[in-house]
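Could you walk me through this model, starting with one of its pockets and working outwards? An informal tour with the cut-offs spelled out would be ideal.

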Amino acid sequence: VGVGGSAIKALLDDYCRQILIGTELRGAERVWDTLWSHLHRTGSGGINTLAIAAVDIAVWDALSVANRKPLYQVLGAARSSIPVYASGIDLFMDPARLRSHLQRYVEDGYRAVKIKVGRPTLREDLERVAVARDVVGPDGILLLDANQAWRLDEAVRRLAAFQQYDPYWIEEPLAPEDLEGHARLRRISRVPIAVGESLYTKHQFLEYLRAEAVDILQPDVARVGGITEWMRIAHLAEAWNRPIAPHFLMELSVQLLCAIRGGLILENVAGGSFNELGLVDERIAISDGIASPPDRAGHGIRFDRERMARYEVTSAGLQALDTRTHK
């Protein structure tokens, strides 16, 4: 999200590297637990789990390459493909522009799309939701994402109004810390609730499950600390009979979803993938709204270093970005 990259790199250079040098690479869980035992002393999420994720993902890639198999096959190989939904940053779009934007998704073969909600007024939200339902048609899958926009009272009001358009889920209607609010909203509303991109540990996901506060879990493989913890959350979800629809990072998430039984759907964020930026030497194939992981050994992501160089951010660049943000 453009914040904290230099801090994560410092954790990797100053701590993770020193902890792991000389460690025999036999299993990812041992490496993950070793890092967690050191880093969680300063917090159980945020830059700590993001730093662990960088190591953990590299470890799983190495183990998969050593086994000469794609990552999803090493992890379980529940399927070889997964449905995809198209999403993007569209809250600023008026209904006419949103219609044109979504029509391109449908023309590209997507049967499921997600739009942002949380405009200043309910009327504005309803206009956009109506347009989205019209574009995807009565049998298409319409997903809504509020990005923590509301208090409980406003969430109840808006979901009651959205219900006529049959949304498949509402994502992050409230702040992730408001566990009881999500539980109350789930009891009141008929719109399924999706949560997870702002949760960082399996313990937080378990709290949501115990509180009956979530229908669809959305763990982000980077934020939860990598593949090891993501798989623990996926197994937890299976035990509670909840599906997984992970947040972001399509190139890694396609492998994870194809590894588990409870995989629901993959997110493809417009403008937010290595695919679109042209940073990888093999793109994820998406055809008629279905994606498949690469056949090569490992997680399949091999960066084009020359192309990556154009996106490098220097310390001066970070300072300039911080100044613009505060202005």
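The lining of the second largest pocket divides into nine nonpolar residues, four polar ones and four charged ones; here Ala, Val, Leu, Ile, Met, Phe, Trp, Tyr, Cys and Pro count as nonpolar, Asp, Glu, Lys and Arg as charged, and the others, Gly among them, as polar. The space in this second largest pocket comes to about 230 Å³. Of its 17 lining residues, Asp-108, Tyr-110, Asn-268, Ala-270 and Glu-276 are the closest to the centre. Two or more lining residues come from each of helix H5 (95–107), strand E7 (266–269), H12 and strand E8 (285–287), and H5 gives the largest share, three residues. A pocket is found on a 1 Å grid over the protein atoms alone: it is an open set of points where a 1.4 Å probe fits, with protein on both sides within 12 Å along at least five of seven lines, and lining residues have an atom within 4 Å of a point. Grid points are joined across faces, edges and corners, and the volume is the space filled by probe spheres set on the points.

Some ground rules before moving on. This is a predicted model, so local features need pLDDT of at least 70 and side-chain atom pairs count only at pLDDT 80 or more, while totals for chains, interfaces and linings use all residues. Residues are numbered from 1 along each chain as its sequence is written, and side-chain values use heavy atoms, with hydrogens and water left out.

Now zoom out. The protein chain has 14 helices and nine strands, where helices (H or I, at least four residues) and strands (E, at least two) are DSSP runs numbered from the N terminus. Its radius of gyration is 20 Å, close to the 20 Å that the globule rule gives for 327 residues, so the chain is as compact as a globular protein of that length. That radius is taken over C-alpha atoms, and the rule is 2.2 Å times the number of residues to the power 0.38. Along the principal axes, the C-alpha trace spans about 60 × 45 × 40 Å. Of the 327 residues, 48% count as buried; buried means under 20% relative accessible area, exposed over 50%, and partly exposed in between (1.4 Å probe, protein chains only).

Helix H11 (residues 250–259) is a nice case of burial, with 10 of its 10 residues buried. Among them are Glu-251 and Gln-255, alongside Leu-252, Val-254 and Leu-256. In the loop between helix H10 (227–239) and H11 sits Asn-241, which has a positive phi of about 60° although it is not a glycine. Asn-241 counts as exposed, at 68% relative accessibility. Asp-288 is another non-glycine residue with a positive phi, near 55°. Its place is the loop between E8 and E9, and Asp-288 is partly exposed at 46%.

What about the rings? A search of the whole structure finds six aromatic pairs. One of them is Phe-274 with Phe-303, edge-to-face at 5.1 Å centre to centre and 85° between the planes. Phe-274 lies in helix H12 (residues 274–277) and Phe-303 in the loop between strand E9 (290–292) and helix H13 (305–309), so this pair ties together parts that are 29 residues apart in sequence. Both rings belong to partly exposed residues, with relative accessible areas of 24% for Phe-274 and 29% for Phe-303. Rings of Phe, Tyr and Trp (its six-membered ring) pair if their centres lie within 6.5 Å; planes under 30 degrees apart count as stacked, over 60 as edge-to-face and the rest as tilted. Elsewhere, Tyr-85, Tyr-168 and Trp-169 form one aromatic cluster.

There's a charge over a ring, too: Arg-232 lies over the face of Trp-32, at 4.8 Å from the ring centre. The test asks for NZ of Lys or CZ of Arg within 6 Å of the ring centre and within 35 degrees of the ring normal.

Finally, compare sequence and space. Ala-66, in helix H3 (residues 47–66), is exposed at 62%. Ala-66 and Gly-298 are 232 residues apart in sequence, yet their C-alpha atoms are 8.3 Å apart. For Ser-6 and Val-106, 100 residues apart along the chain, the C-alpha separation is 38 Å.
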